[in-house]
Amino acid sequence: MRLKTTILAFLLLITSGPVLWAQQQRFPMPEFESGYQYPDAKLPGSGSLAMEYFDVGILVLLLAVTSWLAIKKRSRKWILLLMTGALLYFGFWRQGCICPIGAVQNVALGFSDPTYAVSWFIIALFLLPLLFSLAFGRVFCGTACPLGAIQDIVVVRPVRVPVWVRKSLGMFPFVYLALAVLFATTGTDFIICRYDPFIGIFRMGAEFHLIVIGIGFLLVGMFVARPYCRFFCPYGALLKTTSIFSKNHLSITPSQCIDCKLCKDSCPFDAIDHPTDPKVIGKMKDKTKHFLLYAALIPLLIVVGGWAMSSAHIFLARANPDVYLAHLLVRDPSVMEDLDNLDVQTFLGSDRTVDELVNDATAIQATFRSGAWFTGAFIGLVAGLFLVSQFVIRRRDDYQPNRGDCFSCGRCFKYCPVQK
Amino acid sequence: MERKKTKNRREFIRSSMRFGMVLALGGVGGLAFRNAAAGKSVWQIDPFKCTWCGRCATHCVLNPSAVKCVHAYEMCGYCDLCGGYLKVGHSDRSTAAENQLCPTAAINRKFIEEPYYEYVINEDLCIGCGKCAEGCTAFGNGSMFLQIKHDICVDCNECSIARVCPSDAIKRINGPDPYLMKGDFSEPA
Amino acid sequence: MDIKDKIRTAKSTAVVAGAFCILISLLLLLNYVQMQGSDPLESTVMETLVQRLAFEPNNEQLKQEIRELDLLARRAYFTSIWQIRAGGYLLLFASVILVVSLRIYHSLLSKINKPEEEDEDQLAARILSVKWISGGTGILVFVALFAAFTISDPLEIYFARVPDDPEEPGSIRQITISDAPPRTDPVTEDQTAAAPDTGHEQMQEETASTPSPEPAAPSGPAGSATPAASSAFPDENTIRRNHNAFRGPWGQGVIYHESVPAKWDGSSGDNIIWKVPVPLHAYSSPVIWDDRLFMTGADEKVRKVFCFDRHTGNLLWEASANSIPGSPSAPPRTTDDTGLGAPTLTTNGLAVFAIFGTGDIIALDMDGNRLWAMNLGVPDNHYGHSSSLLTHNEKLFIQYDDQNSGRILCLDVRSGETIWDITRDSRVSWASPLMAPVNGQWQLIAKGNPIVAGYNIDDGTELWSVEAMGGEVGPSPAFGGGLVFAANEYSKMVAIDPATGSTLWEDNYYLPEVSSPVYSGGLLFIATTYALVACFDAKTGEMLWEYDTDDIFYSSPVIAGGKVYATDTKGTTYIFEVGREPVLVAKNPLGEEVHTTPAFADGRIYIRGERNLYCIGQ
């Protein structure tokens with residue numbers, strides 16, 4: 001292919017070319033008397049498409065096998081093995097990019113920017129873990145996710161995190177998700193990828209602060225198990241939501257719970273729901289009023305969230321390089337004389353005028369204004385639902401994994417004395 | 001009896017929610033697939049937009065950068081006085097360190113015949129700083145320019161150089177030949 | 001190996017691996033701090049050394065020092081990369097061992113204990129959760145509102161502000177006449193109407209008798225300037241007596257004074273009448289009108305025109321080219337060897353015209369008052385604009401080739417209004433135009449890339465054009481014997497008959513890079529950047545002689561008093577006889593670097609060095 005184009009270009013050159021060529025080059029290529037032939041500059045192609053098919057295949061296989069291992073086979077050993085394999089393959093070998101977590105942003109940008117064509121492979125990466133989550137729980141987190149795996153491996157001595165910390169910090173992934181979608185749809189930034197703490201470890205190199213953050217997460221992760229998954233991961237927010245309504249799910253006991261309490265503290269992620277205290281159920285009955293009150297608060301929270309975020313749209317929009325540059329130039333025109341400011345100097349050297357830049361920036365700010373409304377409204381809704389859920393109580397007589405929080409890691413299996 | 005009822009109700013809510021979510025995911029997926037690209041797209045530098053700011057050398061997630069200088073031999077003037085090879089204000093047109101523009105001496109200068117020289121980029125040494133591309137474009141034909149090498153690039157979801165590129169020269173491109181070569185002196189329309 | 005041994009082994013492995021991790025991390029951190037502190041590839045020491053080398057190009061010791069430092073820097077860079085990579089793998093390896101041993105250690109220690117009985121209070125936990133969730137949401141709302149009210153939108157006011165601000169981009173090419181003294185009597189209608197006619201007649205006469213402006217003694221009656229003549233455009237004899245443009249009258253490089261100094265020494269002060277410091281650096285050359293000498297200076301901040309009393313060296317006035325509408329707030333980038341003040345100014349005895357690398361052009365009266373000023377649009381030129389100005393009667397010619405187009409403008413000297421403005425088939429060039437009589441008509445002859453062409457001075461029509469140039473066109477053309485000569489490094493030297501537009505001969509043995517060729521008496525002289533002066537037969541192109549000099553030439557050779565004056569960058573002026581044999585008459589050092597072309601007056605030579613302006617004469 002490449003040879004063909006070269007030949008074609010060469011033919012063009014000798015048939016119609018020389019005069020045109022001489023006019024176009026400042027220093028035309030000399031006619032060498034020594035018969036010199038310039039080397040053929042062959043450039044390496046990007047990895048073939050087959051690799052992408054292979055990745056999707058591997059992901060499907062991993063998810064399917066994990067589901068079987070978690071629900072039917074009940075083998076922690078095999079899950080651990082698969083997880084290590086996935087960490088080595090998706091993490092260290094494929095260098096962690098692109099992953100389903102980041103794919104959220106590509107899909108979001110694909111919806112807002114019609115010229116941005118998302119590869120089918122990225123869409124598949126985005127959808128597959130969610131579909132499996134609806135069917136079998138968060139099996140993706142259990143093995144396939146390299147970010148989860150690297151944290152899971154370093155869990156050494158997990159401590160219990162109090163409920164209120166889990167509940168309040170558990171809201172953050174939703175906030176992160178909402179912001180990530182806002183920044184992606186406005187074409188500003190892919191913040192999930194930018195602040196991915198482990199990618200630098202997979203690639204053996206990144207910006208210094210990211211490496212430090214990554215190592216920090218791993219050190220904390222020795223005691224607070226999987227901190228990124230539980231309190232940050234925006235894709236985890238989606239997986240959690242779908243997993244709550246999953247068709248099948250891993251269970252601690254293979255048959256009937258005998259309420260022996262042996263598994264009670266076995267989960268490093270505090271994802272085991274205990275039997276409900278009958279006294280509490282009685283007291284919660286008195287809290288119906290609260291439930292209604294907080295449920296009625298939800299619309300208010302949505303409006304307040306939307307309004308607050310939307311009024312902060314200038315602040316948010318400054319993350320966009322065009323808006324940032326426009327603000328810089330308008331606020332302080334003397335930066336134009338700062339020869340060391342590369343961005344400003346490059347802009348001045350381009351054929352874009354300040355007027356055009358300000359127009360573009362104003363348009364971006366406008367999309368931020370409306371986009372931030374949805375972001376805020378979504379955050380308000382999530383906060384409302386989190387509050388309301390505190391007043392919903394379900395009668396539970398045995399120890400069960402929390403479907404939203406359980407990563408299907410299978411650690412609890414060995415604690416259950418019940419045989420099939 | 002009552003317990004069973006509750007359980008049934010719970011199961012019903014759960015399956016209807018699940019059904020709704022499957023529909024939602026299907027909708028999102030279907031809509032996304034409608035505009036999906038079949039091929040693979042990769043990051044590449046448009047050499048006609050590039051301003052050789054030097055950030056390619058410092059902002060790539062890899063060290064040294066996946067951006068390298070590429071030399072289009074068919075565009076080269078084979079000058080003795082090469083703006084891409086020699087420092088401005090060089091004392092002599094020689095390969096001596098004080099005359100070389102490249103900070104890592106990644107350009108090999110080879111005599112062909114009077115007064116022409118061949119310039120070959122040693123990719124192992126190139127750090128993608130773009131000094132030579134700048135010099136070559138300013139004083140010569142612009143046959144040296146920066147490209148992202150796809151045997152090195154890890155194809156980040158968002159290129160960290162693109163994020164800081166002042167001239168917005170890095171974009172995703174499709175196609176089996178993922179390079180934007182300056183094959184001709186003029187910019188393609 | 002019992003369980004206790006296993007625990008002990010796991011523990012000690014973990015301790016060793018942990019210590020190793022910490023050690024590697026510290027080393028990597030050290031490496032990072034070092035690299036942050038000084039990037040070996042961007043070392044300032046290196047930069048200073050290279051800058052020093054530019055001043056001392058033959059300092060071998062300095063070169064050696066640079067080479068050693070360069071090697072050291074590159075070693076440091078690649079070693080550091082290697083260290084980071086190796087350290088990273090070691091750290092990874094050690095952490096894997098640490099984690100595995102820690103996990104084994106803890107799993108050996110832990111048993112499935114009987115769980116503690118007391119449970120946390122589920123109700124209290126729920127209430128606390130509600131508090132914290134509400135608190136968190138409140139904080140989010142507060143942060144958003146705080147950001148909303150502390151950060152205002154600066155863009156809102158932008159468009160409201162723009163119309164009041166004339167310096168905002170978008171309003172380039174405005175012509176304004178400054179509030180400085182309005183144009184006075186020098187230019188009145190009747191005289192300007194008459195002036196071109198007389199000039200035209202005279203020229204026709206002259207070209208009938210001598211086809212080329214060979215050195216001729218200034219004729220008596222016309223030579224003595226009358227007060228009346230000072231208010232009209234100068235005639236040709238007056239121009240011959242002055243040095244009003246780059247390379248003398250009409251930019252031809254030929255001086256018409258008979259008496260020219262031939263011997264001087266700048267360092268000993270021999271035959272140096274005065275020497276004054278150059279007030280502001282630039283690469284432009286001085287020009288002379290009567291008793292005054294003009295020159296420009298420029299840097300990133302200011303662009304100035306200076307007027308000296310040429311007899312005493314006293315600075316009479318200076319004028320800044322500032323507050324010009326459309327002038328860029330940040331000057332375009334130029335290289336150090338060109339700068340913003342490379343074009344030489346010109347004068348017609350009534351006004352002085354100067355152009356700068358910013359595209360600013362300014363007209364001043366002879367006392368330094370601004371007549372008009374404007375910006376022609378910032379030139380897109382990677383070295384910096386350097387084509388000099390020429391003026392003829394009411395016309396001011398500007399060769400303005402840049403990366404976007406080849407362009408020549410003709411402005412009205414009185415108002416700056418455009419008389420004609422043509423785009424030509426040329427890319428960026430740095431040559432200056434010259435004026436020459438062809439078939440009894442003055443033509444503007446301008447080199448470009450790739451054309452050499454002649455233009456009708458009245459309407460800018462391209463009369464002839466020859467595609468002959470290439471590379472970076474720096475030297476200006478030469479004219480003499482009815483022929484136009486153009487030469488350029490990396491291209492060729494051609495002789496063109498401007499009457500027919502045909503090429504008589506071409507050659508590419510020796511070519512000038514910066515310095516312009518000059519014609520006299522059937523001979524063509526060039527001075528090159530390989531440190532030699534060469535002489536060719538102008539009719540055939542045959543090389544007659546070459547003379548090796550001590551240094552290279554940026555300054556253009558000039559013919560004066562039947563001799564060739566060529567000044568190299570060291571400041572040494574070589575004086576040769578105009579002849580078919582190399583006869584070096586004198587070699588006069590100035591003791592200072594020179595990149596400009598000297599200006600001549602009767603019995604005087606004015607040379608602008610890098611730091612000082614010299615007046616040479618008895």
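1. Before we count anything, here is the term you'll need: a salt bridge is a side-chain nitrogen of Lys or Arg within 4 Å of a carboxyl oxygen of Asp or Glu. The idea behind it is simple: side chains of opposite charge can pair when their charged atoms come close. By that rule, the structure has 39 salt bridges over all chains. Keep in mind as you read on that this is a predicted model.

2. Let's begin with a pair in chain A. A:D152 and A:R226 make a salt bridge, and their closest N and O atoms sit 2.8 Å apart. Look up where the two partners are: A:D152 belongs to helix α8 (residues 146–153), while A:R226 is in the loop between α13 (208–221) and α14 (227–231), so the bridge ties together parts that are 74 residues apart in sequence. Are these two residues buried or exposed? A:D152 counts as buried, at 0% relative accessibility. A:R226 is buried too, with a relative accessible area of 0%.

3. Chain A has something else to find in your viewer. A network of salt bridges links five residues, namely A:R160, A:R166, A:R230, A:D265 and A:D270. Try selecting them together.

4. Now over to chain B. B:D80 and B:R93 meet through their side chains in a salt bridge, at 3.5 Å from N to O. Both residues are in the loop between β2 (67–71) and β3 (107–113) of chain B, and they are 13 residues apart. How accessible is each partner? B:D80 has a relative accessible area of 14%, which falls under the 20% cut-off, so B:D80 is buried. B:R93 comes out at 32% relative accessibility and counts as partly exposed.

5. While you're on chain B, have a look at the whole chain. How many helices and strands does it have? There are 4 helices and 6 strands. Walking from the N terminus, you meet them in the order α-β-α-β-β-β-α-β-α-β. Of the 189 residues in chain B, 53% are buried. Contacts in chain B often reach across the sequence: take those between residues at least 6 apart, and 70% of them join residues at least 24 apart. As for the outside, the accessible surface of chain B is about 8400 Å², and carbon and sulfur atoms account for 57% of that.

6. Chain C offers one more pair to check. C:D401 and C:R424 form a salt bridge with their closest N and O atoms 2.7 Å apart. C:D401 is in the loop between β11 (395–399) and β12 (406–412), whereas C:R424 is in strand β13 (residues 418–424), and the two are 23 residues apart. Both C:D401 and C:R424 are buried.

7. Last stop: where chain C meets chain A. The size of an interface is often given as the accessible area lost when the parts come together. Here chain C and chain A bury about 5700 Å² between them, with 69% of it on carbon and sulfur atoms. The contact involves 58 residues from chain C and 75 residues from chain A. How many salt bridges join chain C and chain A? The count is 0. There are, however, 7 residue pairs in polar contact across the interface, with both residues at pLDDT 80 or more.

8. Which parts of chain C do the touching? On the side of chain C that touches chain A, α1 (3–37), α3 (60–109), α4 (122–150) and α5 (158–161) each supply at least two residues. The biggest giver is α4(C), with 18 residues. Sorted by type, the residues on that side of chain C are 29 nonpolar, 14 polar and 15 charged.

Note on methods: Residues numbered from 1 in each chain as written. Chains lettered and ligands numbered in written order. Heavy atoms only, no water. Contact = heavy atoms within 4.5 Å. Buried area = accessible area lost by both parts, 1.4 Å probe. Polar contact = N/O pair within 3.5 Å; in protein donor to acceptor, adjacent residues only side chain to side chain. Nonpolar A, V, L, I, M, F, W, Y, C, P; charged D, E, K, R; others polar. Buried < 20%, exposed > 50% of the residue type's maximum accessible area, 1.4 Å probe, protein only. Areas by Shrake-Rupley, 256 points an atom, 1.4 Å probe, with all protein chains shown as cover.
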